[in-house]
Amino acid sequence: MKKILLITGDGGEELEVYYPLERMREEGIQVVVASTRPKRLALKVHEVVNEEDTYSESPGRSIQATLGFEDVDVSDYVGVIIPGGRAPEYLRRNPQVIRIVQEAHEDGLPIAAVCHGPMILAEAGLLKNRSCTAVEDIIPEVEGAGGQWVADRVSSDGQIVTAQTWEDCGPWMAEYVSLLRK
């Protein structure tokens, strides 16, 4: 059975984790959730309430990470998914996460990132001279990494597919699945 690696941690956005998980299952692809270590991860729900200037955060469902980053062998997977939420803010500083996404890119695997997920792509040096979309809050990280932020809800540039928020999960995963099928 084909496998996809999903990289997240505590504070990951619930819908950006569970939507791709279920979408990959529909394709008959096993999803392996990797984090700092095997453990139950506390996901969060992020949304703008009452026209506030930033999002609120509420407790979400949890999910079991079955693999620590140090145990990831990229050759076992056909692609990588990086949900957003707060998890990418600290995971981008993890050298094993950077190793994983760089190896996946070098191997030509499709990589999907949403919301704050492109922060990891920026840190890994994968956005230079690429178009990318993400939540507007991280435009400085995208541009600082040499990428071009685009206002589209979903952006596909080579093997990297990005989306702005959880509201874009449908078209984001549709584009990603089309890459997987190539």
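Biologist: Let's start with strand β6, residues 79-82: which of its residues are buried on one side and which on the other?

Modeller: Keep in mind that this is a predicted model. Strand β6 has both of its faces covered. On one side the buried residues are Gly79 and Ile81, and on the other they are Val80 and Ile82.

Biologist: How many bridges join β1 to β6, and which residue of β6 does Ile4 stand opposite?

Modeller: Strands in a sheet pair through backbone hydrogen bonds, and they can do that parallel or antiparallel. Here β1 and β6 run parallel, and the number of bridges joining them is 3. As for Ile4, the residue opposite it in β6 is Gly79.

Biologist: And on to β7: which residue there is the bridge partner of Ile81?

Modeller: β6 and β7 run parallel too, joined by 3 bridges. Ile81 is one of the buried residues of β6. Its bridge partner in β7 is Ala112.

Biologist: Back to β1, then: what is the bridge partner of Leu6 in β2?

Modeller: Strand β1 covers residues 3-7, and β2 covers residues 30-35. They pair in the parallel sense over 5 bridges. In β2, the partner of Leu6 is Val33.

Biologist: Why is β1 described as largely enclosed?

Modeller: Buried means a relative accessible area under 20%. By that cut-off, β1 is largely enclosed by the rest of the structure because the buried share of its residues is 4 of the 5.

Biologist: Let's zoom out. What is the strand order of the open sheet, and which strands are at the edges?

Modeller: The open sheet has 7 strands with mixed pairing, in the order β5-β2-β1-β6-β7-β11-β10. An edge strand pairs on one side only. That description fits β5 (67-68) and β10 (154-157).

Biologist: Now a helix. How far apart should the ends of α3 be, and what does the model give?

Modeller: Helix α3 runs over residues 95-106, which makes 12 residues. At 1.5 Å a residue, the helix should span 16 Å. The distance between its end C-alpha atoms agrees with that, at 16 Å.

Biologist: Which residues of α3 are buried, and what arc do they cover?

Modeller: The buried ones are Val97, Ile98, Ile100, Val101 and Ala104. An α-helix has 3.6 residues a turn, so residues three or four places apart point the same way. The buried residues of α3 sit on the same side of the helix, because the arc they cover around the axis is only 160 degrees.

Biologist: Which residues are exposed on the other side of α3?

Modeller: Exposed means over 50% relative accessible area. On the other side of α3, the exposed residues are Pro95 and Glu106.

Biologist: Cys115 and Asn129 each have a positive phi of about 60 degrees. Is each one buried or exposed?

Modeller: Neither one is a glycine, despite that positive phi. Cys115 lies in the loop between β7 and α4, and its relative accessibility is 10%. Asn129 is in the loop between α4 and β8, with a relative accessibility of 68%. So Cys115 counts as buried, and Asn129 counts as exposed.

Biologist: What about Trp166: where is it, and how far is its C-alpha from that of Gly117?

Modeller: Trp166 lies in the loop between β11 and α6. With a relative accessible area of 30%, Trp166 is partly exposed. Along the chain, Trp166 and Gly117 are 49 residues apart. Their C-alpha atoms are separated by 11 Å.

Biologist: And His46: is it buried or exposed, and how far is it from Pro59 in space?

Modeller: His46 is found in strand β3, residues 39-47. Its relative accessible area is 8%, so His46 is buried. Pro59 is 13 residues from His46 in sequence, and in space the C-alpha to C-alpha distance is 9.0 Å.

Biologist: Last one: what is the volume of the largest pocket, and which residues lie nearest its centre?

Modeller: The largest pocket has a volume of about 420 Å³. Its lining divides into 6 nonpolar, 6 polar and 9 charged residues. That lining has 21 residues, and those nearest the centre are Val48, Tyr55, Val135, Asp137 and Thr165.

Notes
Residues numbered from 1 in each chain as written. Predicted model: local features only at pLDDT ≥ 70, side-chain atom pairs only at ≥ 80, totals over all residues. Heavy atoms only, no water. 1 Å grid on protein atoms, 1.4 Å probe; cavity = no way out; pocket = protein on both sides within 12 Å on 5 of 7 lines; lining within 4 Å. Points joined across faces, edges and corners; volume = space filled by probe spheres on them. Nonpolar A, V, L, I, M, F, W, Y, C, P; charged D, E, K, R; others polar. Pairing = 2+ DSSP bridges. Helix = DSSP H or I, 4+ residues; strand = E, 2+ residues; numbered from the N terminus. Expected span 1.5 Å × (residues − 1). Buried < 20%, exposed > 50% of the residue type's maximum accessible area, 1.4 Å probe, protein only. Arc of directions from axis to C-beta.
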